[in-house]
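Q: Could you take me through one part of this protein in close-up? I am new to this, so a friendly tour would be great.

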Amino acid sequence: MSTPDVVVIGAGAVGAACAYFAARAGLRVRVLERGQIAGGTSSACEGNLLVSDKEAGPELDLALHSQRVWRDELAEFGPRWEFESKGGLVVSPSPSGAAELSALTVRQRAAGIEVTNVDPADLADYEPHLRPGLAGAAFYPQDAQVQPMLLTAHLLRLARELGAVVSTTTEVTGFDVVGGRVCGVRTEDGLIATEHVINAAGTWAGQVAALAGVELPVLPRRGFVLVTEPLPLMIRHKVYAADYVAAVASSDQGLQTLPVIEGTRSGTVLIGSSRERVGFDSRVSLPVLSRLAQEAIALFPVLAGVRVLRSYHGFRPYCPDHLPVIGADPAVPGLWYATGHEGAGIGLSVGTAKLLVQQLLGKPTDLDVAPFSPARFAPRWLAPDGITQGGAHAHA
Ligand SMILES: Cc1cc2nc3c(=O)[nH]c(=O)nc-3n(C[C@H](O)[C@H](O)[C@H](O)COP(=O)(O)OP(=O)(O)OC[C@H]3O[C@@H](n4cnc5c(N)ncnc54)[C@H](O)[C@@H]3O)c2cc1C
């Protein structure tokens, strides 16, 4: 390919979506991935596209924007990534939790979410295998699901059909900065010149930013998932405990587990979810897996006799304020970010990509992007180790 207009670093769901929307806008796109397609967190997650777990605010606005992209602009491709508008069911075992859930639904409804409060007596109509005696529930018809690896692969295929070039096993090792502006990236195979670089390196986006001399506070937040043997359809929706919303929003470093359960098209049931900040520690934790299993059985007693095939874990790209980073680096022209989506990067990928490409082209954005601006972090500059050419660095 001739000089690309834009280089995307990272072939996860977010990078793939950026590649697709950039190619669709007529840009020449090159994707550089150090491993394989969806080899990062996008293959170590679940594929929920949730509005139910969000309070009113910028992240919910982005989720609702992404819903429109999933359901309108990308509807024709939905079968490729197993898009399923299955709906989410949030349940509360305790009366106090039920009251909080009910208050949350009022705020969410005002913010544009479709939600139905469910009488516990009617829960069996939604999920016949749920344990009896739950105190309250709410149903969110907009919650949906995709298969994240299929999503990533097909978005890249669509981008390639529009001329994008995708290079796997190609690590970005540095930036070419001249006069303070990004002019290219370095790889083992040499320099690739370009005017725009999108850092979509997920949990490793901070490390990639450091190559350009910028500190970006993206940290890993580990999560485990259990996968059962394939079963006849017994769990129809995404089902989770009401306290999950608080766990998602918390900045606690310690272990949090809450039952999040969903069936998949292949018949396996995915059981999450845990959250803990333990760096990139990839050791399997039996106590965490055991807690996930116990909490799932407490909600769905029918799972007690079911075998677990395997478990996996991934590292959510976590920003301290729980918001993604979408937009231009305030001090290094040509460097863009689409990262930091924590536990929602699959659902938010397509809305993020659309907003980023609109910004890159200098067009009006569908949504106010100010809350996601990288400029919200106090600028902290690093030694520009990854920078070649010795051009005057913007913040040297
Ligand atoms: C247990 C768990 C459950 C989850 N469930 C959900 C869910 O249900 N719904 C949801 O929306 N989200 C979920 N998430 C979060 C979601 O997985 C992430 O937000 C999302 O995958 C991030 O995508 P990404 O493209 O930003 O990052 P990644 O998929 O990690 O992609 C980044 C890529 O950048 C590459 N890279 C890094 N450095 C370089 C370099 N120097 N050069 C070239 N390439 C590089 C990496 O190899 C990687 O492939 C979950 C996460 C976990 C851990």
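**A close look at helix H1**

A: Let's start with how covered this helix is: of the twelve residues in H1, eleven are buried, so to speak "mostly covered", where buried means under 20% relative accessible area. Please keep in mind that the model is predicted.

Where does the helix sit? H1 runs over residues 13–24. From its first C-alpha to its last it reaches 16 Å, close to the 16 Å expected at 1.5 Å a residue.

Now for the names. The buried residues of H1 begin with Ala-13, Val-14, Gly-15, Ala-16 and Ala-17. The list goes on with Cys-18, Ala-19, Tyr-20 and Phe-21, and it ends with Ala-22 and Ala-23. After the helix comes Gly-26, which has a positive phi, near 95 degrees.

Let's step back to the whole chain. H1 is one of its nine helices, and the protein chain also has 20 strands. Its radius of gyration is 21 Å, close to the 21 Å that the globule rule gives for 396 residues, so the chain is as compact as a globular protein of that length. Along the principal axes, its C-alpha atoms fill a box of roughly 65 × 40 × 40 Å.

Burial can be viewed at this scale too: 58% of the 396 residues in the protein chain are buried. The chain still exposes about 15,300 Å², and carbon and sulfur atoms supply 53% of that area. As for contacts with a separation of 6 or more, 77% of them are between residues 24 or more positions apart.

Terms used:
Residues numbered from 1 in each chain as written. Predicted model: local features only at pLDDT ≥ 70, side-chain atom pairs only at ≥ 80, totals over all residues. Heavy atoms only, no water. Helix = DSSP H or I, 4+ residues; strand = E, 2+ residues; numbered from the N terminus. Rg over C-alpha atoms; globule rule 2.2 N^0.38 Å. Buried < 20%, exposed > 50% of the residue type's maximum accessible area, 1.4 Å probe, protein only. Contact = heavy atoms within 4.5 Å. Areas by Shrake-Rupley, 256 points an atom, 1.4 Å probe, with all protein chains shown as cover. Expected span 1.5 Å × (residues − 1).
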